[in-house]
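Here are a few exercises to work through with the model open in your viewer. Try each task before reading its solution.

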Amino acid sequence: MARSLNEWLWQHEFWLPPGITWEDMQETEDIQYPQPRDLLLSIPFALTLVVIRCAFERAIALPLSSRLGVRDKQRPKAQPNPMLETFYNTRCKNPGKGELISLAKQCDLPVRKVEGWFRRRRNADRPSLSKKFCEACWRFTFYIISFFTGLAVLYDKPWLWDHKECWTGYPQQPLQPSLFWYYLLELSFYWSLVFTLPFDVKRKDFKEQIVHHAATIFLISFSYCANYIRIGTLVMVIHDASDCFLEPTKIFNYMKWKKTCDSLFMIFSAVFLISRLVIFPYTVLYNTYYYSMEIFEPFFGYYFVNALLITLQLLHVFWSCLIIHMVYKFILQGTMEKDMRSDTEESDKDEEREKIREKEKNGITYFSNVTSNNYIQRNGSEPLNNRAHLTNGHVKER
């Protein structure tokens, strides 16, 4: 059964244009073509990148964060409570009012204290500032290396300057060693991101990130197997261009260098919007959809690779909307809004505000002890009993 599945999966009708078979893609001593088995190397390489990342964050990024003044906020710890801890781990991390009342009765605690316990427990699970700094440093280091590696590999390739060259001789385009290692580097990195997803900082677009990583891995893998390597290299170098500015923006934000952060974010926004909404559709989407049809007729691989590219483009539009909104707020307010993808930390001040509001509703002023007669007299003012309050709210001296 496995053999039948393997034969069905690798039918040349799926992977190659009409009129081309796997016999036409036979390798010789001088000509090498992409082989699907080569992609298996990306798994051990990805695990190697994970080890390198751990060493980099501990030996370089973490000490650097201390030297640059990145300090983790002191968070009040939740008091040990087995019942609440069990509910937090098995049921819900943010219970509703009914669940809070029920838990308060079971624990014999005020509802407000149970609510505060969950607030502090959620804050304890949120990543520290130094963790965010280390993650941004690692990604910035990789994107810089990857982007300049891509430029070094592609600067003398004809398809970088003339996009129609992506299809010259397709699919019988020999695999060059530099392109193979560039592909392996990118694919291994995205596999490493998948492996570390449970441990990385989770943002509000976590699901979109999973879709992005899956689409990227499928796109890189399929483009390699179907020898879409020329178009694949363009996709990768375009993506790395804007990411080189995103990560340092985060780094300076964690360092609280506000002006530098704002300036870098504006540069990142411009590069992202131009590269993802202008260059990518013209250089890649139009190229694969229109120019390729001048060389061959549509087949399964044509539709599949375009579907993956369109999925990436939809994600580009989603993130572009978030960026445009932040830029709009910056232009109106003159200050950069917090990252809309970040999960903000809850403050115990919310609980204090609620107490004040409750006291005010009951007619008790927060500073009643400060405005006592004795305190006013000690400060040289007239006692309150020498003043008469009129019906219109004004004070009349006696």
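**Exercise 1.** In which helix is the place of V317?

*Solution.* V317 lies in helix α13, residues 300-333. Helices here are DSSP runs of H or I with at least four residues, strands are E runs of at least two, and both are numbered from the N terminus. Before going further, note that this is a predicted model: local features need pLDDT of at least 70, side-chain atom pairs count only at pLDDT 80 or more, and totals for chains, interfaces and linings use all residues. Residues are numbered from 1 along each chain as its sequence is written, and side-chain values use heavy atoms, with hydrogens and water left out.

**Exercise 2.** Find the nonpolar surface patch that includes V317, and say which helix gives its largest share.

*Solution.* Start with V317 itself: its relative accessible area is 40%, so V317 is partly exposed. (Buried means under 20% relative accessible area, exposed over 50%, partly exposed in between, with a 1.4 Å probe and protein chains only.) Next, collect the partners: I274, L277, V278 and I279 join V317 in a patch of about 390 Å². Patch members have over 30% relative accessible area and no salt bridge (a side-chain nitrogen of Lys or Arg within 4 Å of a carboxyl oxygen of Asp or Glu); nonpolar side chains (Val, Leu, Ile, Met, Phe, Trp, Tyr) are joined within 5 Å, like charges within 9 Å. Finally, assign the helix: α12, residues 258-289, supplies the largest share, four residues.

**Exercise 3.** Stay on α12 and decide whether L264 is buried or exposed, then list what L264 touches.

*Solution.* L264 sits in helix α12. With 17% relative accessibility, L264 counts as buried. Leaving out residues up to four places away in sequence, L264 touches F245, P248, T249 and F252 (contact means heavy atoms within 4.5 Å). As a distance check, the C-alpha atoms of L264 and E247 are separated by 9.6 Å, while the two residues are 17 apart along the chain.

**Exercise 4.** Why do the buried residues of α4 line one face of the helix?

*Solution.* First, pick out the buried residues of α4 (residues 82-90): L84, F87 and Y88. Seen down the axis of α4, they fall within an arc of 100°, so they line one face; the arc is that of the directions from the helix axis to the C-beta atoms. The general rule helps: an α-helix has 3.6 residues a turn, so residues three or four places apart point the same way. Then turn to the face away from the buried side, which carries the exposed residues P82, N89 and T90.

Definitions and conventions:
Accessible areas come from the Shrake-Rupley method with a 1.4 Å probe; for residues, only the protein chains shown count as cover.
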